[in-house]
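Here are a few short exercises to work through with the model open on your screen. Try each task before you read its solution.

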Amino acid sequence: MTAMKAEMQTQFDESLAEKDIGKAATSEYISDVHRSISPAGYLSRLRDIFNEALEISIGERKEWLVRNVADPEERQAVTTLLLAYDSDGFIEADAD
């Protein structure tokens with residue numbers, strides 16, 4: 001298990017314990033958990049997931065994201081970044 005995934009799981013488990021809802025968390029609750037993280041922490045998390053996903057072949061990324069990113073909003077944000085990154089012309093700057 002990667003350090004990032006372990007940290008996310010720990011935060012998730014602690015949040016579940018605080019809410020006393022056990023392992024039956026809904027996607028709505030998962031979204032509430034990520035909203036409790038600071039904007040800088042959230043962006044850092046997205047960056048970490050994005051960088052880790054870049055190491056996965058394009059054909060395997062969707063499955064990897066489903067297995068490793070529980071929050072649907074985070075998964076969608078990273079998917080959007082990956083699609084933009086993989087498309088031609090992503091942040092191309094003229095060398096002149």
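**Exercise 1. Work out what percentage of the residues count as buried, and how the chain is built.**

Start with burial: this is a predicted model, and of the 96 residues in the protein chain, 26% count as buried. Next, look at the surface, where the chain exposes about 6,800 Å² and carbon and sulfur atoms supply 53% of that. Then go through the elements: there are five helices and zero strands, in the order α-α-α-α-α from the N terminus. Finally, check the contacts. Among those between residues at least 6 apart in sequence, 57% join residues at least 24 apart.

**Exercise 2. Find which element has the lowest mean pLDDT and which the highest.**

Begin with the whole chain: the average pLDDT is 74, and 55% of the residues score at least 70. Now go element by element. Helix 2 (residues 27–35) has the lowest mean, 55, while helix 4 has the highest, 94. Then look at residues 19–26, where pLDDT stays under 50. For that stretch the model has eight contacts beyond four places in sequence. A word of caution to finish: where pLDDT is low, the predicted coordinates should not be read in detail.

**Exercise 3. Sort the residues of helix 4 into buried and exposed, and say where each group sits.**

First pick out the buried ones in helix 4 (residues 61–68): Arg61, Trp64, Leu65 and Asn68. Those four cover an arc of only 100° around the axis, so they lie on the same side of helix 4. Turn to the other side of helix 4 and you'll find Lys62, Glu63, Val66 and Arg67, which are exposed. The spacing fits a general rule: an α-helix has 3.6 residues a turn, so residues three or four places apart point the same way.

**Exercise 4. Track down the aromatic pair and describe its geometry.**

Count first: with ring centres required to lie within 6.5 Å, there is one aromatic pair. It's formed by phenylalanine 50 and tyrosine 85, at 5.7 Å centre to centre with 80° between the planes. Planes over 60 degrees apart count as edge-to-face, so this pair is edge-to-face.

Now place the partners. Phenylalanine 50 lies in helix 3 (residues 39–54) and tyrosine 85 in helix 5 (residues 72–86), so the pair ties together parts that are 35 residues apart in sequence.

Last step, accessibility: phenylalanine 50 has 13% relative accessibility and counts as buried, whereas tyrosine 85, at 41%, counts as partly exposed.

Definitions and conventions. Residues numbered from 1 in each chain as written. Predicted model: local features only at pLDDT ≥ 70, side-chain atom pairs only at ≥ 80, totals over all residues. Heavy atoms only, no water. Phe/Tyr/Trp six-rings, centres within 6.5 Å; stacked < 30°, edge-to-face > 60°. Helix = DSSP H or I, 4+ residues; strand = E, 2+ residues; numbered from the N terminus. Buried < 20%, exposed > 50% of the residue type's maximum accessible area, 1.4 Å probe, protein only. Contact = heavy atoms within 4.5 Å. Areas by Shrake-Rupley, 256 points an atom, 1.4 Å probe, with all protein chains shown as cover. Arc of directions from axis to C-beta. pLDDT = per-residue confidence, 0-100.
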